[in-house]
Amino acid sequence: MNYKAEIKNIKTDSFSMDYIVFGEGKKNFVMLPGISIKKVSESAQAVANSYSQFCEEYTVYVFERKDNIEAGYSIEKMADDTAEAMKFLGIKNAYVFGVSQGGMIAQCLAINHPKLVKKLVLASTSAYAPKETEKLFFDWITYSLKGETRKLVACFLDNIYTENFLKQYRDFLLNLYEKTSSDELIRFSILSSACIGFDVSEKLSSVNCPALVIGAENDLIFNSEKAYFLAEVLKANVYIYKDFGHAVYDEAPDFKDKIEGFFKD
């Protein structure tokens with residue numbers, strides 16, 4: 001059964017933030033997505049359909065970054081804002097899943113707001129920004145600020161998805177992103193900038209909730225070494241996919257089963 005996704009907005013004293021909610025379970029499942037050129041809420045129902053297996057046992061919340069982000073908006077501040085949003089909605093003791101930059105936010109959430117996190121899943125992410133990846137972030141920022149949307153989208157897709165996936169969906173995705181506004185490009189550049197210099201590797205040992213780390217051997221952004229490092233410091237279970245890249249969370253057919261199984265253990 002698929003559940004209808006609702007797009008809502010939180011307004012606190014310091015910010016407003018969109019989020020998606022679906023499902024009717026008693027447990028709270030918080031999803032923190034990675035950087036995207038378009039807001040995830042524009043594909044809200046597709047997200048709900050993709051994660052429908054969680055809807056009976058969990059109420060699922062997918063948090064965007066706050067509205068009207070400013071230059072210098074850090075990942076640590078993103079985590080603080082997410083924590084404030086969760087408290088505003090009365091969410092605590094949540095099952096938290098973060099992917100890519102969302103995984104970085106999830107790490108900060110578990111470090112600085114441990115009472116909010118019951119279990120933690122980190123996918124396609126890292127405890128620090130690898131030097132070999134910073135050039136890619138700078139390329140994304142440059143294309144964004146120059147308004148070179150097609151170059152940005154092509155570079156983004158080529159580093160996120162596998163060749164086989166793009167053979168099927170590349171033209172569709174290029175067309176999808178063709179109508180990207182200047183505000184969306186600026187927002188994307190700020191989010192990309194936040195990854196540069198990120199490093200919580202020396203703070204991770206303070207996390208004491210159960211954790212699962214998922215990576216992929218062909219991840220061009222955060223390679224499997226980053227997943228193994230996370231798992232070692234967190235004393236977490238780790239699973240590495242062999243035939244997928246960064247977007248293993250979209251491409252691997254059993255990916256969500258691994259999350260569900262870990263949550264139930």
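This is a short walk through the sheet and the helix packing of the structure above. Keep in mind as you look that the model is predicted.

Let's begin with the sheet. Eight strands form an open sheet with mixed pairing, and their order is β1-β2-β4-β3-β5-β6-β7-β8. Follow that order to its two ends and you reach β1 (6-11) and β8, the edge strands; each has a single partner strand, so one side of each is left without a neighbour in the sheet. From one strand to the next, the twist averages 20°.

Two of the strand pairs are worth a closer look. In one, strand β3 (residues 27-32) pairs with strand β4 (residues 58-66) in the parallel sense, over 5 bridges. To find this pair on screen, start from Lys27, whose bridge partner in β4 is Tyr58. The other pair takes you to the β8 edge, where strand β7 (residues 211-216) runs parallel to strand β8 (residues 237-241) and 5 bridges join them. Here a handy landmark is Val213, which has Val238 as its bridge partner in β8. Between these two strands the chain crosses through helix α8 (residues 224-234), giving a β-α-β crossover that is right-handed. As you trace these strands, remember that in a regular strand the side chains alternate between the two faces of the sheet.

Now for the helices. A good place to start is helix α4 (residues 131-145), which packs against helix α7 (residues 182-195) at an angle of about 160°, with the axes 9 Å apart. Angles over 145 degrees count as roughly antiparallel, and α4 and α7 are therefore roughly antiparallel to each other. The crossing of α4 past α7 is left-handed. On the α4 side, the contact is made by Phe137, Trp140, Ile141, Ser144 and Leu145, while α7 brings Leu185, Phe188, Ser189, Ser192, Ser193 and Cys195. Sorted by class, this contact has 7 nonpolar and 4 polar residues, with no charged ones.

Helix α4 also packs against α5, at an angle of about 155° and with axes 8 Å apart. These two helices are therefore roughly antiparallel as well, and α4 passes α5 in a left-handed crossing. From α4 come Leu136, Trp140, Tyr143 and Ser144, and they meet Lys151, Leu152, Cys155, Phe156, Asn159 and Ile160 of α5. The classes here are 7 nonpolar, 2 polar and 1 charged. If you click on Trp140 and Ser144, you will find them in the contact with α7 and again in the contact with α5.

From α5 we can step on to α6. Helix α5 (residues 149-160) and helix α6 (residues 163-176) pack at about 155°, their axes 11 Å apart, which makes α5 roughly antiparallel to α6. This time the crossing is right-handed. Arg150, Val153, Ala154, Leu157 and Asp158 of α5 make the contact together with Leu166, Arg170, Leu173 and Leu174 of α6. How many charged residues does the contact of α5 with α6 have? There are 3, alongside 6 nonpolar residues and no polar ones.

Notes
Residues are numbered from 1 along each chain as its sequence is written. This is a predicted model: local features need pLDDT of at least 70, side-chain atom pairs count only at pLDDT 80 or more; totals for chains, interfaces and linings use all residues. Side-chain values use heavy atoms; hydrogens and water are left out. Two strands pair if DSSP finds at least two bridges between them. Helices (H or I, at least four residues) and strands (E, at least two) are DSSP runs, numbered from the N terminus. A crossover is right-handed if, with the strands pointing away from the viewer, the path from the first strand over the helix to the second runs clockwise. Axes are lines fitted to C-alpha atoms, for helices over the stretch in contact, and angles run from 0 to 180 degrees between N-to-C directions. Angles under 35 degrees count as roughly parallel, over 145 as roughly antiparallel, 65 to 115 as roughly perpendicular and the rest as oblique. A crossing is left-handed if the near helix is turned anticlockwise from the far one by less than a right angle, and right-handed if clockwise. Contact means heavy atoms within 4.5 Å. Ala, Val, Leu, Ile, Met, Phe, Trp, Tyr, Cys and Pro count as nonpolar, Asp, Glu, Lys and Arg as charged, and the others, Gly among them, as polar.
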